[in-house]
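Hi everyone, thanks for making room for me this morning. I'd like to walk you through a structure, so please have the viewer open and follow along.

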Amino acid sequence: MHVVFDDNLLPRKDSCDDDVGILQSNGGEPSSKVDGVPTKEEAQDPPLEALKDMNLEEREVAYPRELNYVKGGEILADPSKGVTTRASLKNTCHHVAFISYIEPKNIKEALNDDYWILAMQEELNQFDRSNVWTLVERPNDKSTIGTKWVFRNKLDENGNIVRNKARLVAQGYTQEEGIDFDETYAPIARMEAIRMLLAFACHHEFKLFQMDVKNAFLNGFINEEVYVEQPPGFEDPKFSNHVFKLSKALYGLKQAPRAWYERLSTFLVEKGFSKGKVDTTLFIKNDGKDILVVQIYVDDIIFSSTNELLCQDFAKLMQGEFEMSMMGELSFFVGLQIKQKKDVIFIDQVKYIKEKLKKFGLENVKPQATPMSSSIKLDKDEEGKCLDSKLYRSMIGSLLYLTASRPDIMFSVCFCATFQSNPKESHLKAVKRIFRYLQDTPSLGLWYPRDSTFDLHAYSDADYGGCKIDRKSTSVVVHKFYG
């Protein structure tokens, strides 16, 4: 909050302009320090201002309509050689934040922000490298699916913005089953499966690692003939009525998740993995006495092995087939914060709780020691004041996802969930009580000690005739790995 800028270190606009001339005349690299321009050793990449006038190779895939620093018909770089990233630009302009903290609501707002333009161009460059589509004449006998941009700021486990991600998606809601696609499928692992994998890894004393597949759906081949509109803001000025014919799946298409899963599962099976019979997102490979376990959650992959060399080989195997981001030891996965210690694995959702308390305006509420009063008897409350069911359902949905690491709120949340069709003030008060309890206990979670035996224990209980509405019984069964 208290920043002092040294004007002597900031790049001057005139020096950046001079740098452009030197970059163009010397093959993109400055040869000497002239008028404040850094030398080759001091600047490995051109500053952002220098990109405004650089003559870049014309590409066929993207045609910006209105860009501040790229001429019409050009994108930042040759897709086959990668793109100029914010990380590389930081080597020269150390005092410039190469991240936008604002999420554009539409393409018009995004085109007014240099960093979001760069994010969109990175996405289109990836399409070109992956051979996703081909520009063709608009067919007369086929329907064309629209496209749109989705803008999201990527956060780390501490809630800090680390990346601007622009995703081009197809408007798949216009597709008709049986005409545009045959079936859908989402390769998503159940939370129960992820928790069991954590317990298994802890018991066998090996660490879990994580990798991310860049633009996973672009790796899936599609069998149908699909045409999409040109990306908004990047239409080809020479062939404005042309469309793209897809060779691979695009985010938003109904068949995209299944196409990606088929590509990945086929690849893993060919490499000696066996697919789980109950959980088809789990893949296992045996190598003598060692075992390698892989869990898939769309484009996130967690893996572990009793032999660390198998983990290294698996990472090389995946990087050789797909464009991957290695993220090291598993620490943050689908909302779960995971701490892998020497003798224990602990999971919680502190970040998720803080986000939801802020979302519903409850970050400053008075804490409560329990999620529900023992004397409360909720019913339909037909004479009570009606509420916005959308808000109530959103709160219930957030709490249900939180039960992945907080079984202590399971009963209270499920009880309140029975009133989602017609919520009243009394029901909302009970839900807010749960959030007040979370305010008091944000760091509670699940604890997996390494020295416990891997035995499955079950507990059950019942409240006979306890429901005030219909006098039905409430029963519960809990399974736990316990030593």
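Let's begin with a pair of helices. Helix α10, residues 410-417, packs against helix α11, residues 425-440, at an angle of about 155°, and their axes are 10 Å apart. That angle makes α10 roughly antiparallel to α11. If you look at the handedness, α10 passes α11 in a left-handed crossing.

So which residues of α10 and α11 meet? On the α10 side they are Ser412, Val413 and Cys416, and on the α11 side Ala430, Val431 and Ile434. Sorted by character, the residues of this contact come out as 5 nonpolar, 1 polar and no charged. For anyone who wants the helix geometry: an α-helix has 3.6 residues a turn, so residues three or four places apart point the same way.

Before going further, one reminder: this is a predicted model. Now for the whole chain. The protein chain has 483 residues, and 46% of them are buried. Its secondary structure comes to 11 helices and 18 strands. Of the contacts in the chain with a separation of 6 or more, 68% are between residues 24 or more positions apart.

Now to the sheets. One is an open sheet of 4 strands, in the order β1-β7-β6-β2, with mixed pairing. β1, at 133-136, and β2, at 144-145, are the edge strands; each has a single partner strand, so one side of each is left without a neighbour in the sheet.

Let's take those two edges in turn. β1 is joined to β7, residues 243-246, by 4 bridges, and these two strands run antiparallel. Within that pair, tryptophan 133 stands opposite leucine 246 of β7. Which residues of β1 are buried, and which are not? The side chains alternate: Trp133 and Leu135 point to one face and are buried, whereas Thr134 and Val136 point to the other and are not.

At the other edge, β2 and β6, residues 227-228, run parallel and are joined by 2 bridges. There, isoleucine 145 has valine 228 of β6 as its bridge partner.

There is another open sheet of 4 strands, ordered β13-β14-β15-β16, and its pairing is antiparallel. Its edge strands are β13, at 332-333, and β16, at 446-449, each pairing on one side only. In this sheet, β14 (residues 336-340) and β15 (residues 344-348) pair in the antiparallel sense over 4 bridges. To find your place, look for glutamine 340, which stands opposite isoleucine 345 in β15. Helix α5, residues 191-203, packs on this sheet and touches β13, β14, β15 and β16; the direction of α5 makes about 30° with that of β16.

Next, helix α8, residues 350-359. Its buried residues are Val350, Lys351, Tyr352, Ile353, Lys356 and Leu357. Please note the two lysines in that list, Lys351 and Lys356. What covers the buried residues of α8? The cover includes three strands of the sheet we just saw, β13, β14 and β15, along with β3 (147-155), α9 (389-402) and α11. So α11, the helix that packs with α10, turns up here as well. Just after α8, glycine 361 takes a positive phi of about 65°.

That brings me to backbone angles. Most residues other than glycine have a negative phi. Here are two residues to check against that. Glutamate 205 has a positive phi, near 60°, and is not a glycine. You'll find glutamate 205 in the loop between α5 and β5 (208-213). Is glutamate 205 buried or exposed? With 58% relative accessibility, glutamate 205 counts as exposed, because the cut-off for exposed is over 50%.

Aspartate 381 is also not a glycine, and has a positive phi of about 50°. Aspartate 381 is in the loop between α8 and α9, and is partly exposed, with a relative accessible area of 24%.

Last stop: valine 476, in strand β18, residues 474-482. At 45% relative accessibility, valine 476 counts as partly exposed. Leaving aside residues up to four places away in sequence, valine 476 touches Tyr459, Ser460 and Asp461. From valine 476 to aspartate 463 the C-alpha to C-alpha distance is 9.0 Å, and the two are 13 residues apart in sequence.

That's my tour. Thanks for listening, and I'm happy to go back to any part of it.

Terms used: Residues are numbered from 1 along each chain as its sequence is written. This is a predicted model: local features need pLDDT of at least 70, side-chain atom pairs count only at pLDDT 80 or more; totals for chains, interfaces and linings use all residues. Side-chain values use heavy atoms; hydrogens and water are left out. Two strands pair if DSSP finds at least two bridges between them. Axes are lines fitted to C-alpha atoms, for helices over the stretch in contact, and angles run from 0 to 180 degrees between N-to-C directions. Angles under 35 degrees count as roughly parallel, over 145 as roughly antiparallel, 65 to 115 as roughly perpendicular and the rest as oblique. A crossing is left-handed if the near helix is turned anticlockwise from the far one by less than a right angle, and right-handed if clockwise. Contact means heavy atoms within 4.5 Å. Ala, Val, Leu, Ile, Met, Phe, Trp, Tyr, Cys and Pro count as nonpolar, Asp, Glu, Lys and Arg as charged, and the others, Gly among them, as polar. Buried means under 20% relative accessible area, exposed over 50%, partly exposed in between (1.4 Å probe, protein chains only).
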